[in-house]
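Biologist: Please walk me through this model, one question at a time. Keep the answers short and give the cut-offs as you go.

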Amino acid sequence: MQAEALASAPADELVRRAAALIFDVDGTLAETEELHRRAFNHAFARQGLGWQWDRAIYKDLLRVTGGKERMRAYHGRLDVAPALSDAEIAELHRIKTAHYAELVETGCCPLRPGVIELLAAAKARGQRLAIATTTSHGNIDALLSQALGANWAAAFDAIVAGDDVRRKKPAPDVYLETLARLKVGAADCVAIEDSANGLISASGAGIPVLITRSMFFRDEDFSAARCVLDDLSELTARPKNEKQPHAQ
Ligand code: XBP
Ligand code: MG
């Protein structure tokens, strides 16, 4: 489908006609940020830091992408000397990531509504699938091997994680790298995201964005998105009078 025609298509047509669907992970494929928050608090307790991120603090800290960067940003706000060393931040993140995997492996964080159906429909249509995320390959594998089985990666033509690029979202790096690996034009893809940082990142790479509102970003301004849905199950059950982003 021509890019300009794609520009005004409703969500289900935008998705169906794209050459490739590029999925964000946290908050988009599954509501994982609540598990990340619990895992951070576990690491802080293990290291005797006395930090406790409640949901309000975490919602604010989520403006900083990347777990290590988020911890450093929080420590900076406390204005207590001395700053945590890179090694201390790395050890906290290692403990956090291990606990996050334990939580995910309990099966307590299923994929969001409509995700499995969309992956299957896209495959049936011969569309390319990719992942472009800030989190780590280990976290992606923990979530998707639990939800889709050990061979989950075979369904994706490109999987780009936070540490694969120099700058994390909202920089466009992760989406530019995904496009380079897919060898598909940006305007022929759709990025499926849940956050303002993700919207900025994908838009910066020239990719139309479909937003699915998630737990921590429900009330964000997504007026720059091509479409805004509550979740992906609306793609199949969506009424004709679709809400456009400006009609939020
Ligand atoms: C969300 C993020 C990540 C996670 C925590 O990634 O910003 O930092 O919050 O994971 P996305 P790490 O929405 O792009 O999938 O601790 O591994 O960073
Ligand atoms: Mg996200």
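Modeller: Asp79 is exposed, with a relative accessible area of 69%; exposed means over 50% relative accessible area, buried under 20%, and partly exposed in between, with a 1.4 Å probe and protein chains only. This is a predicted model, in which local features need pLDDT of at least 70 and side-chain atom pairs count only at pLDDT 80 or more, while totals for chains, interfaces and linings use all residues. Residues are numbered from 1 along each chain as its sequence is written, chains are lettered from A and ligands numbered from 1 in the order in which they are written, and side-chain values use heavy atoms, leaving out hydrogens and water.

Biologist: Where does Asp79 lie, and what is its phi?

Modeller: Asp79 lies in the loop between H5 and H6; helices (H or I, at least four residues) and strands (E, at least two) are DSSP runs, numbered from the N terminus. Asp79 is a residue other than glycine, yet its phi is positive, near 55°.

Biologist: Which loop holds Lys183, is Lys183 buried or exposed, and what is its phi?

Modeller: The loop between H9 and strand S4 (189-193) holds Lys183. With a relative accessible area of 73%, Lys183 is exposed. Lys183 is not a glycine, but it has a positive phi of about 60°.

Biologist: Which residues does the cis peptide bond at Pro170 join, and what is omega?

Modeller: Pro170 is found in the loop between strand S3 (158-160) and helix H9 (173-182). Lys169 is also placed in the loop between S3 and H9, and Lys169 is buried at a relative accessible area of 4%. The cis peptide bond joins Lys169 and Pro170, with omega about 10°.

Biologist: How many disulfides does a search of the whole structure find, and why is Cys189 not bonded to Cys227?

Modeller: A disulfide is a pair of cysteine sulfur atoms within 2.5 Å. Cys189 and Cys227 are each buried, Cys189 at 0% relative accessibility and Cys227 at 0% as well. The cysteine sulfur closest to that of Cys189 is in Cys227, and the two are not bonded because 15 Å is too far for a bond. The search of the whole structure finds 0 disulfides.

Biologist: Where does ligand 1 sit?

Modeller: A pocket is found on a 1 Å grid over the protein atoms alone, as an open set of points with protein on both sides within 12 Å along at least five of seven lines; a cavity is instead a set of points where a 1.4 Å probe fits but cannot get out, and lining residues have an atom within 4 Å of a point. A molecule sits in one of these if more than half of its atoms lie within 2 Å of its grid points. By that test, ligand 1 sits in the largest pocket.

Biologist: Which residues come nearest to ligand 1, and which helix gives the largest share of the shell?

Modeller: Near means that a heavy atom of the residue lies within 4 Å. Of the 19 residues around ligand 1, those that come nearest are Glu33, Gly67, His93, Lys96 and Thr133. Helix H3 (33-46), helix H5 (67-78) and helix H6 (86-105) each supply at least two residues of the shell. The largest share, 3 residues, comes from H3.

Biologist: What polar contacts reach the oxygen atoms of ligand 1, and how much of ligand 1 does the protein bury?

Modeller: A polar contact is a pair of N or O atoms within 3.5 Å; within protein, one must be able to donate a hydrogen and the other to accept it, and residues adjacent in sequence count only if both atoms are side-chain atoms. An N or O atom in the side chain of Asp24 is 2.8 Å from an oxygen atom of ligand 1, while backbone N or O atoms lie 2.9 Å from a ligand oxygen in Asp26 and in Thr134. Taken alone, ligand 1 exposes 450 Å² (Shrake-Rupley method, 1.4 Å probe; for residues, only the protein chains shown count as cover). The share buried by the protein is 95%.

Biologist: Is Gly67 buried or exposed, and how far is its C-alpha from that of Leu92?

Modeller: Gly67 lies in helix H5. Its relative accessible area is 14%, so Gly67 is buried. Gly67 and Leu92 are 25 residues apart along the chain, and their C-alpha atoms are separated by 9.6 Å.

Biologist: Which backbone nitrogen lies 2.9 Å from a polar atom of the side chain of Ser195?

Modeller: Ser195 lies in the loop between S4 and helix H10 (196-204). At 9% relative accessibility, Ser195 counts as buried. The backbone nitrogen at 2.9 Å from its side chain is that of Gly198.
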